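Good morning, and thank you for joining. I shall take you through one model, beginning with its strands and ending with a few individual residues.

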Amino acid sequence: MNIKALAITIVAAAFSLSACSVTGKETPAYGKSAAQISLTDDEIVKTLKLSGFDEIYSSAYVSIRYTQGSGYKVVARGTAKAFADADIFVSGGTLTINNKEKGLRIGGDDASDELKLEITAPDINNICNVGKMSFTTQSFKTRELTISNSGVLDFDGDKASSRDTKIVNQGVLHLAIDVKGASMDYGNSGVCTTNGTFTLDESYKYANQGKSDFDGSVTARDIDISNTGVDTQSCKLKSDDLKMFVGGRSDYDMSFAGGRADLTCSGVGDFDLSLDCRRIDVAASGRIGLELSGTADNTDFTGSGVSNIDTSRLNKF
């Protein structure tokens, strides 16, 4: 399936997919518990008395600004139509924004459909989007962070401190975040663009089966990168142990510093890798061009097919 067809399929299926379920007693958002102020004929502001949540689920067209604080506050802004199209409530520890309009256009042609939420809460550790969401926050700390997307999600997280971070994308994801913690597990089978610096004490695992573009750096004890889709990366890697399986279409401009790098390169593409490490082992096949530079104390190279391993700039003292 080509990438254009993949993106169309993702958008068409976004609202039939759901990575989260909402159960339990609901806390109503409207009625006597909600203060409503009409600013203009077109915009309504409601302060919603909602609390007791550490997760967010949305199937609507929503823009969220999150601030970490000691208490809870939820302020909603939008037109009468935007409010009419969505149910907002707390159920089972999840702040839920449900879309009631089956034909919601996630392309966002009409900005009046968007509901704007300003959320303050002590902790948010799970964000699940199956609609169209823009999520913005400043620096925050949480024991764990899971981002699940099967719709369209624009996530700008600045800096996050999280022991374990998990990202699962099956839709269209634009992610900008710097993370400090223990581990990260990043899986993409949709279309994603990532900008970030990931500083981890333990492991980083990345698996791409869709179309991905990553710009940033990763520091971890163990790094495991796998691509069987279309992957473009411009990044710095630092670890004791790097394992890479490069299949599909891979266009990489990388540097690696640390211990051992074990590369299995197949598929097609170009791979430029600058090294400052103790050992590198490469098995190359398919139609990939691998250019190595810098220094490696020990090397082992094998190649087959029409692959090319260029070591002319490696270990030039």
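Two strands are taken to pair when DSSP finds at least two bridges between them. Please keep that rule in mind for the first part, and note from the outset that this is a predicted model.

With that criterion, consider E18 and strand E19, residues 249-265: they are joined by 16 bridges and run parallel. One position that shows the register is Gln233, which stands opposite Tyr252 in E19. E18 itself spans residues 230-246, and it also pairs with strand E16, residues 211-219, in the parallel sense over nine bridges. There, Phe214 stands opposite Gln233 in E18. Gln233 therefore appears in both pairings, facing Phe214 of E16 and Tyr252 of E19, given the bridge rule just stated. Strand E17, residues 222-227, is parallel to E18 as well, with six bridges between them. In that pairing Asp222 has Asp241 of E18 opposite.

For the overall composition, the protein has two helices and 22 strands. Of its 317 residues, 45% count as buried. Among contacts with a separation of 6 or more, 32% involve residues 24 or more positions apart.

Let me turn to strand E9, residues 115-121. Which of its side chains are buried, and which are not? Leu115, Leu117, Ile119 and Ala121 point to one face and are buried, while Lys116, Glu118 and Thr120 point to the other and are not. This is the pattern one expects of a regular strand, where side chains alternate between the two faces of the sheet. E9 has a parallel pairing with strand E5, residues 61-68, over seven bridges, and in it Ser63 stands opposite Lys116. E9 also pairs with strand E6, residues 73-78, but here the sense is antiparallel, over five bridges. In this second pairing Ala76 has Leu117 as its bridge partner.

Next, the interior. The largest nonpolar core holds 72 residues, and the members that touch the most others are Tyr204 and Phe271. Strand E20, residues 268-284, supplies the largest share of this core, with seven residues. Leaving aside neighbours within four places in sequence, the contacts of Phe271 include Met244, Val246, Tyr252, Met254, Leu263 and Cys265. Ile288, Gly289, Leu290 and Glu291 are also among the residues that Phe271 contacts.

The aromatic residues deserve a separate word. The model contains nine aromatic pairs. One of them is Tyr186 with Tyr206, an edge-to-face pair at 5.8 Å centre to centre, with 75 degrees between the planes. Why does this pair tie together parts that are 20 residues apart in sequence? Tyr186 lies in strand E14, residues 172-188, whereas Tyr206 lies in strand E15, residues 191-208, so the pair ties the two together. Tyr186 is buried at 2% relative accessibility, and Tyr206 is buried with a relative accessible area of 2%. Both rings belong to one aromatic cluster, formed by Tyr186, Phe198, Tyr204, Tyr206 and Phe214. Elsewhere, Lys46 lies over the face of Phe83, at 4.6 Å from the ring centre.

Two asparagines follow. Asn169 is in strand E13, residues 152-169, and it is buried, with a relative accessible area of 0%. Its side chain makes a polar contact of 2.8 Å with the side chain of Asn149. Not counting residues up to four places away in sequence, Asn169 touches Asn149 and also Gly187, Asn188, Ser189, Gly190, Val191 and Cys192.

The second, Asn126, is in strand E10, residues 126-129. Asn126 has a relative accessible area of 16% and counts as buried, because the cut-off for that class is under 20%. Asn126 and Thr94 are 32 residues apart in sequence, and their C-alpha atoms are 8.8 Å apart in space.

I close with a point of backbone geometry. Most residues other than glycine have a negative phi. Asp158, however, has a positive phi of about 55 degrees although it is not a glycine. Asp158 lies in strand E13 and is partly exposed, with a relative accessible area of 30%. Thank you; I am glad to take questions.

Technical notes
Residues numbered from 1 in each chain as written. Predicted model: local features only at pLDDT ≥ 70, side-chain atom pairs only at ≥ 80, totals over all residues. Heavy atoms only, no water. Phe/Tyr/Trp six-rings, centres within 6.5 Å; stacked < 30°, edge-to-face > 60°. Helix = DSSP H or I, 4+ residues; strand = E, 2+ residues; numbered from the N terminus. Buried < 20%, exposed > 50% of the residue type's maximum accessible area, 1.4 Å probe, protein only. Lys NZ or Arg CZ within 6 Å of the ring centre and 35° of its normal. Core = buried A, V, L, I, M, F, W, Y, C linked by side-chain atoms within 4.5 Å. Contact = heavy atoms within 4.5 Å. Polar contact = N/O pair within 3.5 Å; in protein donor to acceptor, adjacent residues only side chain to side chain.
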